[in-house]
Amino acid sequence: MKQCDERSLTHLLDGMEHAARHDTVSVKDVLDEFGERSVLPFILVASLLLVSPLSGLFGVTTLIAMVIIVLSAQALWGRRRLWLPGFILRRRVKSSRLLLGNRWLRAPSKFFDRHSGRRLLILVTGPMRSITLLTCMVLPTAWPMLEFVPFASSFGGGTVALFSFGLFTRDGLYVLLGYLTILVTSVVFYAILF
């Protein structure tokens, strides 16, 4: 990977693992681990958790959806300082569950870190960046309705992960893959329903 280590998924997973060093971990613990940085790494971390087995726990999908909506809105409006409501910051999960998701994501993260670079910059700058952040804000609004279908929201989480990883690493190829995922998912759902 050509970017500095701080723009890698592995770096983000290392930070999450360090935040989970006690019996339970809160959203605030994870945010504190990274300090004041761009909002994009936090959107990426949240969406990756939804792709992991952690998404099978009841309530996690709704919590992550709220986090992604609030953070995406902040990124869209150019907010530099992170803000989340106190009730979200105080939400806790057992560290063992976070670490399970973290271990599950290690191998794919190394793959994505090796295969990212500055490509298709038109998709990660200017108006396209704003459109992608708006998409990241709108997609999670339907996830709470999928709470009763275990792991159903993982597809949406994967899509937001592609978008945020592309914006984070400035690799438009991943943003393009995110839009293709939406297209394919829409076609499949249309074929199933009609």
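Let's start with the rings: the count comes to six aromatic pairs here. Keep in mind as you click around that this is a predicted model.

**Stop 1: the aromatic rings**

Select phenylalanine 165 and tyrosine 174. Their rings make an edge-to-face pair, with 4.9 Å from centre to centre and 85° between the planes. The planes count as edge-to-face because their angle is over 60 degrees. Phenylalanine 165 and tyrosine 174 are both buried, so you may want to hide the surface if you have one switched on.

Now add Phe111 and Phe112 to the selection. Ring pairs join them with Phe165 and Tyr174 into a cluster.

For another kind of pair, pick tyrosine 190 and phenylalanine 194. This one is tilted, at 4.8 Å centre to centre with 40° between the planes. Are these two residues buried or exposed? Tyrosine 190 is exposed, and phenylalanine 194 is too.

**Stop 2: helix α6**

Next, select residues 95-114, which is helix α6. How far apart are its end C-alpha atoms? They are 28 Å apart, and that agrees with the 28 Å you should get from 20 residues at 1.5 Å a residue. Still, look along the helix and you'll find a kink of about 40° at arginine 106, shortly before proline 108.

Which residues of α6 are buried? Colour Ser95, Leu98, Gly101, Asn102, Leu105, Arg106, Ser109 and Asp113 to see them. In an α-helix, residues three or four places apart point the same way, because there are 3.6 residues a turn. Show the surroundings as well: the buried residues of α6 pack against α1 (9-19), β1 (24-26), α2 (27-34), α3 (40-51), β2 (92-94) and α8 (154-169).

Before leaving the helix, click serine 96, which is also in α6. Serine 96 is partly exposed, with a relative accessible area of 48%. Its C-alpha atom is separated by 14 Å from that of valine 30, 66 residues apart from it along the chain.

**Stop 3: the nonpolar core**

Valine 30 is a good way into the next stop. The largest nonpolar core has 48 residues, and Val30, Ile43, Leu44 and Leu98 are those with the most contacts inside it. At least two residues of this core come from each of α1, α2, α3, α4, α6, α7 (126-138), α8 and α9 (172-193). Which helix gives the largest share? That's α3, with nine residues.

Zoom in on valine 30 and show what surrounds it. Setting aside residues up to four places away in sequence, valine 30 touches Met16, Ala19, Val25, Phe42, Val45 and Leu98.

**Stop 4: leucine 84**

Go to the loop between α4 and α5 (86-89) and select leucine 84. Though it sits in a loop, leucine 84 is buried, with a relative accessible area of 5%. Leaving out neighbours within four places in sequence, its contacts are Val27, Leu31, Val67, Val70, Leu71 and Leu89. If you'd like to try the distance tool, go from leucine 84 to threonine 10: C-alpha to C-alpha they are 24 Å apart, with their positions 74 residues apart in sequence.

**Stop 5: threonine 61**

Finish in helix α4 (residues 60-76), where you'll find threonine 61. Why does threonine 61 count as buried? Its relative accessible area is 2%, and the cut-off for buried is under 20%. Show side chains here: that of threonine 61 makes a polar contact with the side chain of serine 153, at 3.1 Å. Beyond its neighbours within four places in sequence, threonine 61 is in contact with Leu50, Ser55, Trp143, Glu147 and Ser153.

Conventions:
Residues are numbered from 1 along each chain as its sequence is written. This is a predicted model: local features need pLDDT of at least 70, side-chain atom pairs count only at pLDDT 80 or more; totals for chains, interfaces and linings use all residues. Side-chain values use heavy atoms; hydrogens and water are left out. Helices (H or I, at least four residues) and strands (E, at least two) are DSSP runs, numbered from the N terminus. The expected span of a helix is 1.5 Å times one less than its number of residues. The bend at a residue is the angle between axes fitted to the seven residues ending there and the seven starting there. Buried means under 20% relative accessible area, exposed over 50%, partly exposed in between (1.4 Å probe, protein chains only). Contact means heavy atoms within 4.5 Å. A polar contact is a pair of N or O atoms within 3.5 Å; within protein, one must be able to donate a hydrogen and the other to accept it, and residues adjacent in sequence count only if both atoms are side-chain atoms. A nonpolar core is a set of buried Ala, Val, Leu, Ile, Met, Phe, Trp, Tyr and Cys residues joined through side-chain atoms within 4.5 Å. Rings of Phe, Tyr and Trp (its six-membered ring) pair if their centres lie within 6.5 Å; planes under 30 degrees apart count as stacked, over 60 as edge-to-face and the rest as tilted.
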